[in-house]
Each structure stands twice: as structure tokens, then as C-alpha cells.
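Please look through the following remarks on backbone geometry with the coordinates open beside you. They concern a few places where the main chain deserves a second look.

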Amino acid sequence: MKNSILKINLVVVAVVALSGYSLRLSAQQLRADNIDEVLSAMTLEEKCHLVLGCGMHFNDEAKFPGTAGSTFSIARLGIPETYCADSQQGLRMQDHRNWDHRDYYPTDFVASMTLASTWDREAAFKVGQGIGNEVREFGLDWILSPSMNLIRNALCGRNHEYYSEDPYLSGTIAAGYVRGVQSEGTAACPKHFIANNQETNRNSNISQMSQRALREIYLKAFEIVVKEGEPWTIMTSYNKLNGPYTLQNRDLLTTIVRDEWGWKGMYVSDWNAGDNAVAAMQAGNDMLQPGNDRQYQAILEAAKSGELSMDVLNANVKRILEYIVKTHNFKGYQYSNEPDLKAHAQVVREVGADGIVLLSNNGILPLTGKRVALFGCTSYDWISGGSGFGGTTVGHYTVSLVEGLRSAGYEVYKPLISTYLKHIADEEKRLFPNGRPAFSLMPPARAEEKSFTAEEMAAAIDGSDVAIISLGRKSGEAADRNATDFYLKEGEKALIKQVSEAYHAKGKKVVVLLDICSPIDVASWQSQIDALVCTWQGGQESGFSVADVLSGKVNPSGKLPMTFQINYGDAYADKNFPGEVDDKTLGAMFMWGYNKDQAQKERKPQANIDFTNYEEDIYVGYRYFDSFGKPVAYPFGYGLSYTTFGYSDAAVKVEGDTYTVSVKVTNKGDRAGRNVVELFVAAPNSKKLNKPAKELRNYAKTRLLQPGESEVVTMQLKTQDMASFNEKASAWKTDAGRYDFLICSSASDVEAKVSANVKAWTQKVHNVLQPNVKLNLLKR
């Protein structure tokens, strides 16, 4: 009897085993044309796993150590892992791997505001293409960029990752970047959606704003990138918006972006964002990263109970599968680990130079004297980009200012080199007695400036033809800059005064370079110097890029993507920005490497860290300064050249709902150069209707024009592009009337004006995302 039972059991086991084997053999294998069939073949448990990520890959034994994570694999259905990496300036991953003699150094591309300062969609495409290629050739699938939140305030810690204060410029540069990334078959991921315009308390802060500001300013940049760039994925942000977390807000993710804009891609959360996994699924946030068991159990139980509709979960899973079938790993791409780093370095050098903005020039630039004295710690500790996961990559190198100038044929005064190297080393010991942290989301403190004796200064003047002073600012993720960081430190002010007075007394001139991550005060001290150059942060080749511009090899053509205000507090948004360090951020500072004394020094009380009221409404950046007649240090769109340009034959042609504006641009100087033409539109009765005085609606950059050469630049826009959002009607409306089309060299400099009658236009949209508090909104 026992033997009979044993035989029966063995038969049962064999049948079950063979059934499982048969199931594996007969299971659908994922292809681009059978996603629905594979979805039907998936178990509930598999679906609940797929909507959760598998990050982060910080383990040294991971396949791609130092990367952000991966997606869940299901071998029986032919669903592979796909891999993602952080960064805005390039692929972030570990440079060396265990038991592997090779190195893995991706390119350190330019910081975002440097790219935006080119005002060049093609430059954005080239940078995106280079990053997309490196993702592909290093074996990954997906880059978590571009970051494209608006620069609402000069102190935001992640401004170096963002493009502009203007949604049109931000959206179009981001769209070029996305197209470049995806031209390589790599997935792009615009982020952080939406209104993540500060780092203070970013995980629970509520951004509270009007529907109009949300639609016209903050959503508009993402709408442009969705419609022009068609990104495969979008990352939702940490913060809340008018109540719920962004990733748990169905009106935001589904009603607006999917239903109104027609986007078909996959949402992914920021890492560890939100507080309700089921609500995120219901909102349409398809994937939660990095994923955890608590979220898995919550989603599984909700699906079993009916709280989470299977239709909703299936839609989330289907969008993930639609992403997966596009990826390199799904297609079995045999990556080389050898992208063309030399070609990408050339892109960095060229784009870095094109993004440099010449702010003032009293006849000293381009430099003709060949002997230069470099002052300022930043001259010897050059900053290529910001810190944090979206900042500078683990690049192979950064070309120093010294190397760049020497390569251009300049003689750098040697005694200052040794003096500064010793000073910086001494400062390093003072600031970091236990050594620098291996990694920091926020930048470590930088050396204070040194002063010089009269003898040292006299020797430097005797040994050089011109003085160059470099001022640096670096910011990063997880904390905003302090309000005092907007202004120069006492040591910086003293250095400028000492060098300028000494050099001017001998008939020699002084140039200041701004190696900065965000606007700073320049108005209070720039009268002391002879030229001011905003180099921004140009990535690994930045020393070469700066030298190319200072020498005149490249004629500067960069334009500011944001306003330089005179004082902090001049912008209306400044009153509702947490410009000091709070207790929560203080804890993060300890975690990421600041010692106690440094952190306590930064700690000051601040209000409203749990919410931010966007009371400036639509009046961000130049929209505020222009509309309310507030003076600025340098306006949005400003930038000089070594040549001059003339504008003539401006015209506007109307064909149905399309307006084509043209202007003839002529190089009137004696040097070849490129020029940015900025098209602003001024609506009739703008003050009465509470509209900005003018708004950027298009732009174009000329080819390299030789002296005396001309190019006719044309720019188009449609009636709907001139619309404002009417909250009462919940509609986009273009009011009928005569509109001025302003051809500008900056927001404050109108070079030509043409006008045309515009017919009324209206488009109703969903009445969603109202603020949950009463806001005291600014009006004209």
C-alpha cells in the first residue's frame, strides 16, 4: 500500500513538474507586437513586481555599479531588466569595477544653464545625442534627464541642472536634448514633474499656486517638451502640488498630460517619493523607484480587494512594457564600452564656449597681451558643474583654466600658481580636518580668498599684462543656497578692490570670470573692473572653452537664460522662497559630509518650509521686472559680442493662424560672429488684462556671419501660442487685437517692431488643480 501511494505521489509530482515546464515553454515571449498577449499571460504577482523598480545599484558587484537602478525582469515571459542612470551633465556611474582592469569614464558635459545660454536647439540636440550614445555604449537603456524645472529663484540648489526662468526657452532646449538622447535609441526622462523649484524640505513641501501660473509658466515648459520631444518617460517630483503629492495626483498626470496633451509614455517616480503606492498607481504613475516590499504588498492587496482596479494596474504595466520593447537590452544590443569620447569632448568644448556670456567689456577682450596673472581660488580649483546625482559625473578630468590659457598661447604668471596651491591646501586642512566626504549631494565648503602684500602685488603686476580674477559658486541637490551666498564674501570683495586698484594704477586692466551655478550680485562691484564674463560651468573641457572665448578664437554669442537682479529680494518670488537652512536640511548636511561647525554656521531660522505660496503668480523673472518697471543688473536674454549686429527689413506675414516674422541680421563689425534673435510678443491692453508686458515666443540663432555678411532670420508662431489662461472659463484664450512682435537682443533691448491683427481663439480645458488655499496674487 505504501509503495502504491508513493508511486501515485511521484506521478503527481512528475505531472506538476511537466506542467510547469510546459507552461514555461508555451509562455508568450515579449515582442513589440504582442504586448497585450504578454500582459494577459502575466500573473498578478508579476504585475505588482513590474510596477516597482530594482534600484539603486550602488553595490560594487552590481552589473553597472553606481547607477540609479533597473526594472524588474520576468524571464519566463522574455522581459529583461533595463537599466537607468542619473545625471543631467552626463551618465553617472562608478568609474571602476571589481575584478575589471578597465575604467568607465563618461563625458562630463556642460551644465544646463550653460547649454541654455547658447539659445541653440541644435547644441541641445548634440549634447543629448552624446549622452544618449554613452548610455547605449556603456550597456544601459535610460538616462534620468533632462531636469527642467524653472529657475524661479536665484538660490535654488539645483539651478545648475535647470535651464531658464522662461518656460519657452526651457521647453525648447529640453526638447532638443530629448530628441538627441532618443536619436540613439536611449530613453530620456524629463523631470521633476512638477513645481520642484526648491530643495528645502523637497519631500513634503507643498507648492501652492494659481491654475493660471501652473498652466502658463510651470506646465508650459513640460507641455513643449512632450509635444516637440516626445519623451519615452517622465519623472514625477517629490513635492506636493496644491494638496496631493504630484505622483499621486490623477488630474495632473492623467487628465492634463495624457488626456489633454496626448502623451503615451511611462511615468516613473523620483526615488522614494510619495507616501501611498496605491494612490500613485491610480493617478497613473506607472513605476515606483527604487521599489520596496511594503509598496509591493500594498499594491497586491489593493488589487486583490478591488481597491486598485485591474484596468488601472494593467494600464500601468502595459506602458512599462511599451517602454521595455524600445530599449537596448530588450533588443540584445552588444554594447562596446567604448563610446567616441574624443568626439564628445569636442562637443563639450564647442557648446561650452557658445554658452559663455560676455556681460561687459571695456576694450580689453579679446586678450591681446600674452602674460596673465590669475587671482582667486577658483582660478586654480575650477568648477565644471554642480554636485548631487544630477551634477558633474565621475568624469576623467576637468581642463583647468591654467591649461586652457596655456594652450591658447598665454603665459600664466607662475609665482601665483604656487602661492594659491599652498593656500588652497591649507584651507583644505582647515575645512576638512578628517578629509573630504567621498560623495556629497551638497557641495563641500570652498576655500576663502587670500590677500596679498604690496610686494607680492607689485611683482604680479610686473610679471603680467592683465589680471584675471575668477569667482566661483557651486550648489547641489537636497539644499538651497543661503541668501548671503548671493553676495560676494568679504575676502572676494577685498580681492577685487586690491587687484583692481593696483593694476589700474599701472595702466593695466582686470577681467573677472564668473564660474557660477546661478546668478549672483554683480551690480555692487563691477564698476571696479574692465570686463565681466559669465563662463557658467562648462564641463570637462571648460578651461579650453574659456580660453577660446578670451583669446577671440570663438566670438561669444551666449545670452542669459535668466535675469541678473541687483539685490536679493528684488524679485517678487524672493519673498516666498526659503533662503535659509532649516532643521531637516541641517540633518542632511551632517549625513552628506558637512562637519558640525560648518552646518551650525549655516543654520538660521526660516518660515514656511512646509509650503511655498507662489504669490508672484505668472510674474517670474523678466515677466516681473519688465511689467513692473524694476531695474536689473542684466536683463534676460542679454549678452555682448566682439562684433556688432544690425537689424533691418523686419516684417510679419500672416497666413491663417500662422504668423511668420522675419528680419535681416547684418554683421557690422570686423569679426565673424553668431547672433541670437529673440522674438517677444506684446499683447494689446496687457496691463488692463493683467498680462506681462511682453513674453518670449520664439528665437533663432544665425550661422557664423563674416564681417558685412547678412542672414534673413524667420520665426513662426500661431494664434494659440499667444494665448493666456483664463481661470473663470477654464480655457486658453487669445484676445483679438493688434499685437506687437518685438525683435530683441534682450528683454530690455527692442531692435525692431512689427505689428499684426490677431483674431480671437479659445480652447476649453479641464477645470482641475485649483489651489487649496487662498493666495494673495500679484497683479499689474
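**Notes on backbone geometry**

1. Tryptophan 536 is placed in the loop that runs between β13 (531-534) and α17 (542-551). In this predicted model, the phi angle of tryptophan 536 is near 55°, which is a positive value in a residue other than glycine.

2. Is tryptophan 536 buried or exposed? Its relative accessibility is 0%, and because buried means under 20% relative accessible area, tryptophan 536 counts as buried.

3. A positive phi also occurs at tryptophan 119, a residue other than glycine, where the angle is near 50°. This tryptophan 119 belongs to the loop between α4 (112-116) and α5 (121-137), and with a relative accessible area of 1% tryptophan 119 is buried.

4. Turning to the peptide bonds, the one joining serine 145 and proline 146 is cis, with an omega of about 15°. As for where this falls in the chain, proline 146 sits in the loop between β3 (142-144) and α6 (167-182).

5. Which conformation does the peptide bond from leucine 365 to proline 366 adopt? That bond is cis, and its omega is near 0°; proline 366 itself is found in the loop that links β8 (357-361) and β9 (371-375).

6. When checking these places, one may take the tryptophans by their phi values, near 50° at tryptophan 119 and near 55° at tryptophan 536, and then the prolines by their omega values, about 15° for the bond between serine 145 and proline 146 and near 0° for the bond from leucine 365 to proline 366.

Terms used:
Residues are numbered from 1 along each chain as its sequence is written. This is a predicted model: local features need pLDDT of at least 70, side-chain atom pairs count only at pLDDT 80 or more; totals for chains, interfaces and linings use all residues. Side-chain values use heavy atoms; hydrogens and water are left out. Helices (H or I, at least four residues) and strands (E, at least two) are DSSP runs, numbered from the N terminus. Buried means under 20% relative accessible area, exposed over 50%, partly exposed in between (1.4 Å probe, protein chains only).
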